[in-house]
Amino acid sequence: MNKNHWKLYEVFVRSKNGLAHKHVGSLHAADADMAIKNARDVYTRRSEGISIWVVPSDQITASSPDDKEPLFAPSDDKVYRHPTFYDIPYDVEHM
Amino acid sequence: MGTNISLEEKFQAYVDAENKVEPKDWMPEKYRKTLVRQISQHAHSEVIGMQPEANWITRAPSLRAKLILLAKVQDEAGHGLYLYSAAETMGTSRDQMIADLQSGKAKYSSIFNYPTPSWADMGTIGWLVDGAAIQNQVMLTRTSYGPYARAMVKICKEESFHQRQGYEVVMKLAQGTPEQKEMAQESLNRWWWPSLMMFGPSDDNSPNSEQSMRWKIKRKSNDTLRQEFIDKTVPQAHYLGLTIPDPDLKWNEERGSYDFGEINWDEFYNVIQGNGPCNKERITHHVNAHEEGAWVREAALAYAEKEAKRKENRTSAA
């Protein structure tokens, strides 16, 4: 497999300082250095970024869509975690 | 079987509610197949589409024109890559897609099987071919499969440059000497009908369209997209003083659209079957480039392995 196949990398680009790196897509490369170079050519041809992360796709552990309910549903019924849950009198300011 | 039906129904309701489907979500096998076929075909079109334009890189009439053309061809390579990546999220491999292209199992847009004998073609392709592609791709930014939609957003941003630079090339010729204007007209004559064919068969001959619309892969029919393209493009030709090569073309006040002549579907199917002017040349070139480049891919891997070992040695020594 490894003989003829370049690894798949996921590419993350920071568009400017102050913003987080954001996933922009993926590409194949022989190693991480080459992935950075390819990412520069493929994903930043029009000043889209000032910093690039590449991660081998097989190193990412993702939650399963099947676990969506147990993982994320519990937070749906915890409205008290949101500020709008609380009635504060109109006359009370700065809150 | 019962659960299978309910899964498909659930999927349809999910898509109907304008939710996006992501790679690991459950999807009907036919949805996956349709998208792998469509996205890889789209990717192949971007990559094969580099050939007719690369034909003019060394012969561009000015340094400015050459820089623009180089940037455009590089964009097409990038677009191909975004799309291959999107298709790979559905579990197909890049190697498989390339193999299918080279064996003829996978198709690409027939428009790229026409030759580019004139510099004016560089303008006409940008104006009409990229214009038609944009018409289709803007719709696809809202397609139901997330990775495809995201690739389309990026592509559409870049494609607008392609169309505008193309129109500029045609405009310069149309406003130049009579000979130059004739070049522009001659090129338009050759590309007009194949550009209209890019939208695919008419709705009553497009059996897969209905299912694709139901799954919100597509949101407009082939004929709708074609009509929108014609209505946008005819005034652009009029501005240049060029004539659309269709004697039946005429404004229909009642419909608020242009009526147009019958498309030569025999030609369309003939080119798809592999009998266009450049089908063989395009695939042969792709195969040769792929095979002649094999040593580069192998050398890059060998270098990467060596580098990795060197790094390992350095760490163990320290």
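**Notebook: chains A and B**

I started with A:Val92, which counts as partly exposed because its relative accessibility is 41%. I placed A:Val92 in the segment after helix H2 (68-72) of chain A. A reminder to myself: this is a predicted model.

**The patch around A:Val92**

I then asked which residues form a nonpolar patch on the surface with A:Val92. I found A:Val79, A:Tyr80, A:Phe85, A:Tyr86, A:Ile88 and A:Met95 alongside A:Val92, with about 730 Å² of accessible area together.

**Where the chains meet**

Next I turned to the interface. I noted 22 residues of chain A in contact with 20 residues of chain B. The area buried between the two chains is about 1,800 Å², and carbon and sulfur atoms give 49% of that. I looked up the top contributors on the chain B side: B:Lys24, B:Leu81 and B:Leu301 supply 26% of the area that chain B buries against chain A, more than any other three residues.

For polar links across the interface, I recorded 10 residue pairs in polar contact and 4 salt bridges. I checked one salt bridge in detail: A:Arg46 pairs with B:Glu158, with the closest N and O atoms 3.4 Å apart.

Which helices of chain B each supply at least two residues to the side that touches chain A? My list has helix H4 (63-88), helix H5 (94-103), helix H7 (146-174) and helix H13 (294-317). H4(B) gives the most, with 8 residues.

**Salt bridges within each chain**

Over all chains I have a count of 25 salt bridges, and I picked out three pairs to inspect.

In chain A, the side chains of A:Arg40 and A:Asp41 meet at 2.5 Å, N to O. A:Arg40 is exposed, with a relative accessible area of 54%, whereas A:Asp41 is partly exposed at 31%.

In chain B, B:Glu88 and B:Arg94 form a salt bridge at 3.0 Å, N to O. Are these partners buried or exposed? I have B:Glu88 as buried at 13% relative accessibility, and B:Arg94 as buried too, at 17%.

My last pair is B:Arg190 with B:Asp121, whose closest N and O atoms are 2.8 Å apart. B:Arg190 lies in helix H8 (residues 178-197) and B:Asp121 in helix H6 (residues 120-140) of chain B, so this salt bridge ties together parts that are 69 residues apart in sequence. B:Arg190 is partly exposed at 28% relative accessibility, while B:Asp121 is buried at 0%.

I closed with a network: A:Arg45, A:Arg46, B:Asp75 and B:Glu158 are joined by salt bridges that share partners.

Terms used: Residues are numbered from 1 along each chain as its sequence is written. Chains are lettered from A and ligands numbered from 1 in the order in which they are written. This is a predicted model: local features need pLDDT of at least 70, side-chain atom pairs count only at pLDDT 80 or more; totals for chains, interfaces and linings use all residues. Side-chain values use heavy atoms; hydrogens and water are left out. Patches are made of residues with over 30% relative accessible area and no salt bridge: like charges are joined within 9 Å, nonpolar side chains (Val, Leu, Ile, Met, Phe, Trp, Tyr) within 5 Å. Accessible areas come from the Shrake-Rupley method with a 1.4 Å probe; for residues, only the protein chains shown count as cover. Helices (H or I, at least four residues) and strands (E, at least two) are DSSP runs, numbered from the N terminus. Buried means under 20% relative accessible area, exposed over 50%, partly exposed in between (1.4 Å probe, protein chains only). Contact means heavy atoms within 4.5 Å. Buried area is the accessible area (1.4 Å probe) that two parts lose on being put together, summed over both. A polar contact is a pair of N or O atoms within 3.5 Å; within protein, one must be able to donate a hydrogen and the other to accept it, and residues adjacent in sequence count only if both atoms are side-chain atoms.
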